[in-house]
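Colleague: I would like to learn how to read empty space and helix packing in a model, taking one feature at a time. Could we go through them together?
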Amino acid sequence: MDKIRVQGGKPLSGVVQVSGSKNAALPILCSSLLVHGESTFRNVPDLRDIGTTAKLLRHMGLIVTVAPPIVTIESSNVSSHEAPYDLVRQMRASVLVLGPLLARLGRARVSLPGGCAIGARPVDQHLKGLEAMGAVIDLDHGYINAHVPGGRLKGADIHFDMVTVTGTENLMCAAALAKGRTTLRNAAREPEVEELGRVLNKMGASVEGAGTDTIVIEGRADLHAVDHAIIADRIEAGTYMVAAAATGGNVLVEGVTLEHLTAVARKMRQAGVIVEREGRGVRVVGKPPFTPTDITTAPHPDFPTDMQAQFMVLMCAADGQSTVTEMIFENRFMHVSELNRMGAHIEVDGRTAKVHGPAKLEGASVMATDLRASASLVIAGLMAEGITEVLRVYHIDRGYEHIERKLAGLGATIERVPDHD
Ligand code: UD1
């Protein structure tokens, strides 16, 4: 397994290009199960999760060609309705095939994702919504077994008990081929949900309100293949924005839509970082020490949980105490103990972490068990004195395209090395 070795202490400078959005690409690739014909998706990031999704769709009989940044999917023939445990356990978002499979075939057998490192992450809202649309669901031997008596889902009025991103996306796909109108209330408003709505409409669906908390979908009898370029990854962009600021750097993060990062930009500015729109991107200039700044994660458009770990590292370079409150996932502070090993002073009490700055970070061997936590450790390594090794890089590879190449392009001393331990 590879590790990333970083020699810290250098301010980042230059231009970094943001890749396509992972969290938009995953539901969009799965939505190709809804159509007949060959779809072409552009600006798809070169990531492990995309490879896992391709495997999953191939398992269902689709012909998938991955040549990043282009993925083509021929989906005239869907021969299996099963998402096996072996693939689902590699990527929780595999559950995104459930809605499309039920809509296309009237049946689906999808392994339950189970818990993951950052929390229990149940899928009860997905199942409740599909049942309201006429699916009969039972759970056996770790699988979700679903079928639709009569073969076609029917529109329903569905109110989510909590905001769920993939839950909203699953039901949007299911509703696109259902009979009649579906209304999704308390829907997730993330830009990736809005992007899925755009793609479904290109496929010939009728989706209104994606990006707001009420989405209305008129079901269609069939949908057609599309050619679509995926939006930029706001979380990847936000990660480079924080890395630039935290190292006292000056970086143009190119290709990102600043409106997708309003809450992050607001908090960075509050901390004293310069964040300005420039051409097709965002200019970030940071000069530590920063002003202590509190954040609380919440569904979009509030502060994203996927930027929490990175922002916490930035606050290690603030002059005073900041609090970071995690309201989406119950166990998303695994990076704290590793940051403390690097010299940070962070105390966790339930859902809140108190970050006492400024801390003088020192290089160390560290390891994280989730994607964004791993990215935060790379940022800490860039800030620290000496050498940091971030182990279990496969977490980073799930969500950051060529992270070491992009950071090296900004002047960081960073390399990927095989870990034989
Ligand atoms: C998506 C993102 C992930 C991000 C998260 C929150 C993708 C592929 N992943 O994950 O990067 O961190 O949104 O912004 O887009 N919940 C339930 N029951 C359900 C569904 C969710 O209780 O049926 C809870 C979850 O346990 C969690 C919260 O709702 O506490 C939000 O989860 P959700 O929005 O569903 O996250 P994901 O869609 O899995």
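Modeller: We shall take the cavities and then a pair of helices, bearing in mind throughout that this is a predicted model.

Colleague: How many cavities of 30 Å³ or more does the structure hold?

Modeller: As a general idea, rolling a probe the size of a water molecule over the atoms shows where empty space is left. In this structure there are four cavities of 30 Å³ or more, and the largest cavity encloses about 40 Å³ of space.

Colleague: Which residues line the largest cavity, and which helix supplies the largest share of them?

Modeller: The lining is made up of Thr239, Tyr240, Ala243, Ala375, Val378, Ile379, Leu382, Ile403 and Leu407. Helices α8 (234-246), α12 (371-383) and α14 (403-409) each give at least two residues to this lining, with the largest share, four residues, coming from α12. By residue class, the lining has eight nonpolar residues and one polar residue, and no charged ones.

Colleague: Turning to the helices, how do α10 and α11 lie relative to each other?

Modeller: The axes of α10 (residues 308-315) and α11 (residues 334-341) come within 10 Å and cross at roughly 30°; because angles under 35 degrees count as roughly parallel, α10 and α11 are roughly parallel to each other. The crossing of α10 and α11 is right-handed.

Colleague: Which residues of α10 and α11 meet?

Modeller: From α10, Gln308, Ala309, Met312 and Val313 meet His335, Val336 and Leu339 of α11, and the residues of this contact divide into five nonpolar and two polar, with no charged residue.

Key:
Residues are numbered from 1 along each chain as its sequence is written. This is a predicted model: local features need pLDDT of at least 70, side-chain atom pairs count only at pLDDT 80 or more; totals for chains, interfaces and linings use all residues. Side-chain values use heavy atoms; hydrogens and water are left out. On a 1 Å grid over the protein atoms alone, a cavity is a set of points where a 1.4 Å probe fits but cannot get out, and a pocket is an open set with protein on both sides within 12 Å along at least five of seven lines; lining residues have an atom within 4 Å of a point. Grid points are joined across faces, edges and corners, and a volume is the space filled by probe spheres set on the points. Ala, Val, Leu, Ile, Met, Phe, Trp, Tyr, Cys and Pro count as nonpolar, Asp, Glu, Lys and Arg as charged, and the others, Gly among them, as polar. Axes are lines fitted to C-alpha atoms, for helices over the stretch in contact, and angles run from 0 to 180 degrees between N-to-C directions. Angles under 35 degrees count as roughly parallel, over 145 as roughly antiparallel, 65 to 115 as roughly perpendicular and the rest as oblique. A crossing is left-handed if the near helix is turned anticlockwise from the far one by less than a right angle, and right-handed if clockwise. Contact means heavy atoms within 4.5 Å.
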